[in-house]
Amino acid sequence: MQKQPTMLFSKMTSLFKLLENNGIDVEKFLVSEGIDPKHRRSPDSRISLTQMHAITHRAAFLMGDSHLGLHQGEVYSGLPSILCYVMMNCHDLAEALEKCRTYQRITDETKQLDIIYKGDTAVLCATIVKDEFDTDIHLSDAMLCSLFIFFKFLTGKEISLKEVRFRHAALKDISEYTRIFQCPVKFNSETNAIVMAKKVLNTRLLHPNHELLALFEKQAAEVLRKELSTESCSGRVSHMMIQFFREAHSPSLEAIAKRMALSVRKLQMKLKEESTTYRKLLNTNRMNLALEYLKDTNVSICEISYLLGFSEPSTFHRFFKKLTGSTPLKYREKMDVSL
């Protein structure tokens, strides 16, 4: 059975504050949802994506709040984490987001961040890792709103956006979206995304500290290493492959083996024991990312081919057609028709 993605239970504090503000006893609420309240007092407790979905929708019903996700995202919990300390000591938003992409799974495995640059525009795509939840109104609203609020916390400044996109349909009243984001908001989009001028990412953070950043990043890397060590070898390799791709690097067998402190032969043997190979994992992860990128029509097929480490777009076309029976363009066109 595939492991459920989880995040730190403490990241639900904003939801609990809203419940308390509405006169709802949080501990009784958790018990009614089959969750032990002691998780609130344990810094290492985690909650699954399925549980997050269930309690968020139950809370929205109890409070009668159709915009619960937005309101949850507006409440900055202020709870410290090693990831938060790393980001706070970065030089600017661009560096903070890159560190977030690298270490996010320490605090939250349920989401995935990607930054796509197009001319003078930066598109921050935020994806809930299980597609059936990526169109969930409360989870996706909370995800984008909390990111936006955290940007302002990190910089101490108002952040100007060009556009915000949601995969879910619009509610009858969208005034809360425009109040919070102060920019055009699109619904039924291919991705959940925050769109801003590229120069906004150069915004300096309030208190950058290179020495503290190095210290906290060392700790974050160790936490991540320990977490990955409990996974299967193929799971660790897949995680590293995706990280390489998101850093615009091609994940060679030698580079992955070096990161895992293994010889190439030892890594190959471990993968064989799990009935797979490096090539199979590379093809699987390339295909998964290709399908993800093809959802966003703002990213050209040529750009996707280079993002996935192919030397030429034609090589990507042959790879995609061999595995799907369709070219990337035809697949995208078919997907657009089905939306």
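## A salt bridge within helix α8

In this predicted model, the side chains of Arg179 and Glu176 meet in a salt bridge, with N and O 2.8 Å apart. Both residues belong to helix α8, and because they are three residues apart, about one helical turn separates them. The two partners differ in their surroundings: Arg179 counts as partly exposed, at 40% relative accessibility, whereas Glu176 is buried, with a relative accessible area of 17%.

## Other salt bridges

The structure holds 18 salt bridges. Among them is the one between Arg167 and Asp131, whose closest N and O atoms are 2.8 Å apart. Arg167 lies in the loop between β5 (163–165) and α8 (175–181), and Asp131 in the loop between β4 and α7, so this pair ties together parts that are 36 residues apart in sequence. Arg167 counts as buried because its relative accessibility, 17%, falls under the limit of 20%. Asp131 is partly exposed, with a relative accessible area of 38%.

Asp131 and Arg167 also belong to a network with Asp134 and Lys295, joined by salt bridges that share partners. A further salt bridge links the side chains of Glu163 and Arg165, at 2.6 Å from N to O. Glu163 and Arg165 are both buried.

## The five-stranded sheet

An open sheet of five strands follows the order β3-β4-β7-β5-β6, and its pairing is mixed. The edges are formed by β3 and β6 (185–186); each has a single partner strand, so one side of each is left without a neighbour in the sheet.

Strand β3 (residues 111–118) pairs with β4 in the antiparallel sense over eight bridges. Along this pairing, Ile116 stands opposite Val123 in β4, and Lys118 stands opposite Thr121 in β4. The two strands form a hairpin with two residues between them, and Gly119 in the turn has a positive phi of about 65 degrees. The pairing of β4 with strand β7 (residues 193–197) is also antiparallel, over five bridges. Here Thr121 has Ala197 in β7 as its bridge partner.

## Strand β4 and its cover

How much of strand β4 is covered? The strand, residues 121–128, is mostly covered, with eight of its eight residues buried. In a regular strand the side chains alternate between the two faces of the sheet. In β4, Thr121, Val123, Cys125 and Thr127 point one way, while Ala122, Leu124, Ala126 and Ile128 point the other way; all of them are buried. Helix α6 (residues 93–103) lies across β3 and β4 and runs at about 140 degrees to β3.

## Nonpolar cores

The largest nonpolar core has 73 residues, and those with the most contacts inside it are Leu19, Phe151, Leu161, Phe181 and Ile194. Helix α7 (residues 137–155) gives the most to this core, contributing eleven residues. Leaving out residues up to four places away in sequence, Phe151 touches Leu93, Leu97, Leu124, Ile159, Ile194 and Met196.

There is also a second, separate core of 33 residues, which includes Ile116, Val195, Leu281 and Tyr293.

## Helix α10

Helix α10 covers residues 233–246, and its 14 residues should span 20 Å at 1.5 Å a residue; the C-alpha atoms at its ends are 20 Å apart, which agrees. The helix is mostly covered, since twelve of its 14 residues are buried. Among these buried residues are the polar or charged Ser234, Arg236, Ser238, His239, Gln243 and Arg246 as well as Val237, Met240, Met241, Phe244 and Phe245.

## The loop residue Phe310

Where is Phe310 found? This residue is in the loop between α14 (301–307) and α15 (313–324). Is Phe310 buried or exposed? Phe310 is buried, with a relative accessible area of 7%.

Apart from its neighbours within four places in sequence, Phe310 is in contact with Arg286, Ser305, Thr315, Phe316 and Phe319. One of these, Arg286, is 24 residues away along the chain, and the C-alpha atoms of Phe310 and Arg286 are separated by 9.9 Å.

Key. Residues are numbered from 1 along each chain as its sequence is written. This is a predicted model: local features need pLDDT of at least 70, side-chain atom pairs count only at pLDDT 80 or more; totals for chains, interfaces and linings use all residues. Side-chain values use heavy atoms; hydrogens and water are left out. A nonpolar core is a set of buried Ala, Val, Leu, Ile, Met, Phe, Trp, Tyr and Cys residues joined through side-chain atoms within 4.5 Å. Buried means under 20% relative accessible area, exposed over 50%, partly exposed in between (1.4 Å probe, protein chains only). Helices (H or I, at least four residues) and strands (E, at least two) are DSSP runs, numbered from the N terminus. Contact means heavy atoms within 4.5 Å. The expected span of a helix is 1.5 Å times one less than its number of residues. Two strands pair if DSSP finds at least two bridges between them. A salt bridge is a side-chain nitrogen of Lys or Arg within 4 Å of a carboxyl oxygen of Asp or Glu. Axes are lines fitted to C-alpha atoms, for helices over the stretch in contact, and angles run from 0 to 180 degrees between N-to-C directions.
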